[in-house]
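Have you ever wondered how to find your way through a protein fold? Let's take a walk through one together, step by step.

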Amino acid sequence: MTQSYLNEFKPPQRVLMGPGPSSVHPRVLQAMTLPILGHLDPQFFQVMDDVCDMLRLVLHTENFMTVPLSSTGTGAMEAACANVLERGDVAIVCRNGFFGVRLADIAQRCGAEVFVVDSPWGKPVDVKALERELKKHPKVKMVGVVHGETSTGVLTPLPEITALAHRYGALVVVDAVTTLGGHEMQMDQWGVDVVYGATQKCLGAPPGLAPISFGPRAMEVLKARKSDVQSFYFNMKGLETYWNETRAYHHTSPISMTYALRESLRMMMEEGIDRRIRRHARVAAALRAGLEALGLQLLADPGYRLNPLTTVVAPTGMEETAVRKRLLQEHSLEIGGGLGDLKGKVWRIGLMGESAREINVFALLSGLEQILPTLGYEVACGASLSAAQRALVEFDAAG
Ligand SMILES: Cc1ncc(COP(=O)(O)O)c(C=O)c1O
């Protein structure tokens, strides 16, 4: 019997067009091969400062406590809730998909009394329902909301929600895991108190770090805590002493991942944050036009569609996994399936970070044009490609 672990592992070159991770540029991968520095090396401190400076630019914030956590997005969700909430606090979580459900679960595990504002999966957060819930709970401490619901492809506009929550004295915690680097985030202007993301989506780095930022109101809440943060690893007060001028050891920093994030952010600065966000909007417009030309239905309503993630309803009777399997095997192209309530019913197509390229849109559409007819779903040959092309031209003409 051969022992496969004795063979060198050579992953195939995939085009990652699922809900994340997205494809990573060779420059970012190359950065991970740089020599390891100690996490208390002054040269590494410079890398840390560079990363924090660039994260502040992406978030449009002045918040000092803007750092990449050693974790994926879920860890940052835990960190946000664990630091803001104490046992018995009241939190309201807006749930319009899988990750809103997770956020409510985590808030509850942090000891909060959690009330939920549910909206149907595929719809944005219901702001009127949120206001009704806020009125019922005058002691509310936190409102949690997912900016881009990766399970449904829905974008929830934030400024109205933050203004509303602040009127009722609540901090606003925003999950920007899918939107960071792919949609605008004006943390300070919109009054977001805590925001977190993850490196493996629109930031264009591998999975493994989760940027998080705490605003002044959130820092006040942290200072005023009566109880210790239950998590040692994610305790922001502890972490602060590593990220501020004290430079005290807290835990060993993931050095290579920090290099990778620095390089991916540097690439974003070279491109320009606004141009990068526009690139995500441009390719998303082409993808949607192409999918609609195939006669496929998009789950999210126009006006609330995420650019980095498009959710498509699989045609009735079609085994959605068969399409994904063939895209992977025959085109080395990964797209995602449904999560939770949408399992087996939708495809989730990501155009995030380095994957958000028009060449990928055309590769996917032509793959679908080849595969769908073999599964009994007729398509007009080339229609999706010309619709996508037209959408790109129209997008550019609109300026
Ligand atoms: C909106 C959203 N929040 C949180 C997460 C969890 O992040 P991670 O899988 O990196 O832990 C994800 C992951 O896809 C996500 O899309």
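We will begin with the sheet, then visit a strand, a helix and the ligand. Keep in mind that what you see is a predicted model.

Let's start with the sheet. It is an open one, built from 7 strands in the order 2-10-9-8-5-3-4, and its pairing is mixed. At the edges you will find strand 2 and strand 4 (113–118), each of which pairs on one side only. If you follow the sheet across, the twist averages 20° from one strand to the next. What holds such strands to each other? Strands of a sheet pair through backbone hydrogen bonds, and the pairing can be parallel or antiparallel.

You can see both kinds of pairing here. Strand 2 and strand 10 run antiparallel and are joined by 5 bridges; look for S70, which stands opposite L209 in strand 10. Strand 5 (residues 140–146) and strand 8, in contrast, run parallel, again with 5 bridges joining them. In that pair, V146 has D175 of strand 8 as its bridge partner. Strand 8 is also joined to strand 9 (residues 194–196) by 3 bridges, and these two run parallel. Here V174 has V195 of strand 9 as its bridge partner.

Now pause at strand 8 itself. Is it buried or exposed? Of the 5 residues in strand 8 (residues 171–175), 5 are buried, so the strand is largely enclosed by the rest of the structure. In a regular strand, side chains alternate between the two faces of the sheet. You can trace this in strand 8: L171, V173 and D175 point one way, V172 and V174 point the other way, and all are buried.

Next, turn to helix 9 (residues 236–243), where M236, L239 and W243 are buried. Viewed down the axis of helix 9, its buried residues fall within an arc of 60°, so they line one face of the helix. What covers the buried residues of helix 9? The cover includes helix 2 (42–59), helix 3 (73–84) and helix 8 (216–223), along with strand 2 (66–70) and strand 10 (209–214). Strand 2 may sound familiar: you met it as an edge strand of the sheet.

Our last stop is the ligand. How many residues surround it? There are 13, and the closest are T72, G73, T74, T150 and V177. Sorted by character, the residues of this shell divide into 6 nonpolar, 6 polar and 1 charged.

Technical notes. Residues are numbered from 1 along each chain as its sequence is written. This is a predicted model: local features need pLDDT of at least 70, side-chain atom pairs count only at pLDDT 80 or more; totals for chains, interfaces and linings use all residues. A residue is buried if 20 or more other C-beta atoms lie within 10 Å of its own, exposed if 12 or fewer, and partly exposed in between; C-beta atoms are placed from the backbone. Helices (H or I, at least four residues) and strands (E, at least two) are DSSP runs, numbered from the N terminus. The arc is that of the directions from the helix axis to the C-beta atoms. Two residues are in contact if their C-beta atoms, placed from the backbone, lie within 7 Å. A residue is near a molecule or strand if its C-beta atom, placed from the backbone, lies within 6 Å of it. Ala, Val, Leu, Ile, Met, Phe, Trp, Tyr, Cys and Pro count as nonpolar, Asp, Glu, Lys and Arg as charged, and the others, Gly among them, as polar. Two strands pair if DSSP finds at least two bridges between them. Axes are lines fitted to C-alpha atoms, for helices over the stretch in contact, and angles run from 0 to 180 degrees between N-to-C directions.
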